[in-house]
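This report addresses two topics: backbone conformation at selected residues, and the contact between chains. The structure is shown first.

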Amino acid sequence: MSHVQMLDQIFVIVKHWLLAYVPAGWQPLASAVMSVVPVLILFPLLFAITTVLERKGLARLQNRYGPNRVGPFGILQPIADGVKSLTKEDIVPRSADQMVHLLAPLLLVTAAFLGYAVIPIGRGMVITDMNGGVLFFFAISSLVELAVFMAGWSSRSKYSLFGAMRAIAQMISYEVPLVLAAVVVIMAAGTLSTVSIVNAQASYSGIFPHWFVFTPWGFTGFALFMVAATAESNRSPFDLPEGESEIIAGYYIEYSGFKFALFFLGEYLGMMATSAMAITLFLGGWAAPFSFLTWVPSYFWFFAKLLALICGFIWIRGTLPRLRMDQLMNFSWKFILPMTVINIIAAGVWRFMPMGPWRWLVCSLMIAGPFIVLGRATSWQGKGVAVRKYRYAE
Amino acid sequence: MTITFLILAGLTIAGTVAAMGLRNLIHCVLALTLGFVGLAALYMHLGAQFAGFVQILVYIGGVAILAVFAIMTTQSAEPVTRPGSAPFWVAGTLVATGVFAVLAWAIHGSGAHGRVLPAEPVVTAQQIGFALMRGYVLPLELMGLLLTVALIGAVVVAIHERGESI
């Protein structure tokens, strides 16, 4: 085994080396623990990095400094935040449903963590290679909706109930395009297993990789998937469920102290899990972007792509204003959903046409035409540009 | 009967019993969800991964959320106190015992009981997809048509007439 391969497989080798010391009867359990614990440590750590990155990035976009007091350049800010939320008083409203109020953040974080079970974070580095891995991921993410409802309902506050209602309506609306955008990859790879999907993309022609994003349907699918993922994780510009100016903080308004921190953690873990799924489906998972870069360890590429997508999320948050509820719903049902269906048809055409430039042209036209038509029809509502009428705010 | 099976069976039964016994309707739905999770885990335990995932996706992501929405939009969130009337309980127990007896009799008489089964075949999602798209494509399409009709019907029922004030 060469040094390059050794470096790539270092964690797998260490795990097998440690496993040899465990008595045979306990090995399945020990193997599971050794696979799960690094994920349980690594992604909250990444969450801590993301919070400071987000605050710094947003501050830059808004011409401020951002946190700069704790540690050099404020990079120890997450530790201060963690200590603060741990030592804060945990206030539960008197009229709240105590049991459900307690369970909601726990369920949210559990559901967010479960999604990582099928994400391959490196070559041979995945907790379980399930036969229906992609399906498992989307099934688990539906638990988040239940947790959000539990939080909003148990707080017995109209703001949190409204927030939960908005969040669930939004999550249900955008879950459909999220899954449909992923279908094209399942069609192309012919499998639901995340490991097989990454393996299908890990070859090169010349120096360029065979990632699914470098096809017309793959690019469209990736763009639609990321839009739906933004809405699914309740991030700006789709952050109506926590619209500060209207309903203060949405479904977690009645939470304080560490439970609030758990909500924060769950939300970011969900965002990172969906980004990781986007990387697995479209961006080649742990595969290197060029064939001459394959000597860099596979897990490095995975986390580099993940951080790049997170930076994209931060950039969008700092750039776009929040949508209205009707805009949100129209966008989902009248634009994103038809586009995903057209994209699926285009992927089918791509599959059965012979290789060559014609395939590119036909599939690109199949997507670009409806994109322009649908975009015009939904944005102008067929009336042309006019002064906007406010129905409720005259 | 392994420990895993016993734990999952206990979880399922506890969830469904709580769904019937609790006073607060929302609590009932949440307990029922626990039962759904237990059932999904049981499917996976039996090697039917696909059925387990679909159980979670449809029953928790769809049915439980729908039930919660229906309760919240039609009733106040206050806990309802239902007096448990004796005739209701007796009738319920009778029906449940009858159903259980018939099912147990049918399973016992079918010959499946006590027979040594061959190693269970691993059904992949791909095989299910092929079966749905080749052998059972007509039932699948009919089901899709039925659901589309139901969806359009729901929109027609819910839509506001032109000029009607909202």
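## An exposed asparagine with positive phi

In this predicted model, A:Asn63 counts as exposed because it has 6 C-beta neighbours inside 10 Å, and the cut-off for that class is 12 or fewer. The residue is placed in the loop that runs between helix H3 (27-61) and helix H4 (77-87) of chain A.

The backbone of A:Asn63 adopts a phi near 65°, a positive value in a residue other than glycine.

## A buried asparagine with positive phi

A:Asn234 is likewise not a glycine, and its phi is positive at about 55°. Its position is in the loop between helix H9 (216-232) and helix H10 (244-247) of chain A.

The surroundings of A:Asn234 contain 24 C-beta neighbours inside 10 Å, so this residue counts as buried; the class requires 20 or more.

## The contact between chains A and B

Chain A contributes 19 residues to the contact and chain B contributes 17 residues. On the side of chain A that touches chain B, helix H6 (133-154) and helix H7 (158-189) each supply at least two residues. The largest share of that side comes from H6(A), with 11 residues.

By residue class, the side of chain A that touches chain B comprises 14 nonpolar, 4 polar and 1 charged.

Methods: Residues numbered from 1 in each chain as written. Chains lettered and ligands numbered in written order. Predicted model: local features only at pLDDT ≥ 70, side-chain atom pairs only at ≥ 80, totals over all residues. Contact = placed C-beta atoms within 7 Å. Helix = DSSP H or I, 4+ residues; strand = E, 2+ residues; numbered from the N terminus. Nonpolar A, V, L, I, M, F, W, Y, C, P; charged D, E, K, R; others polar.
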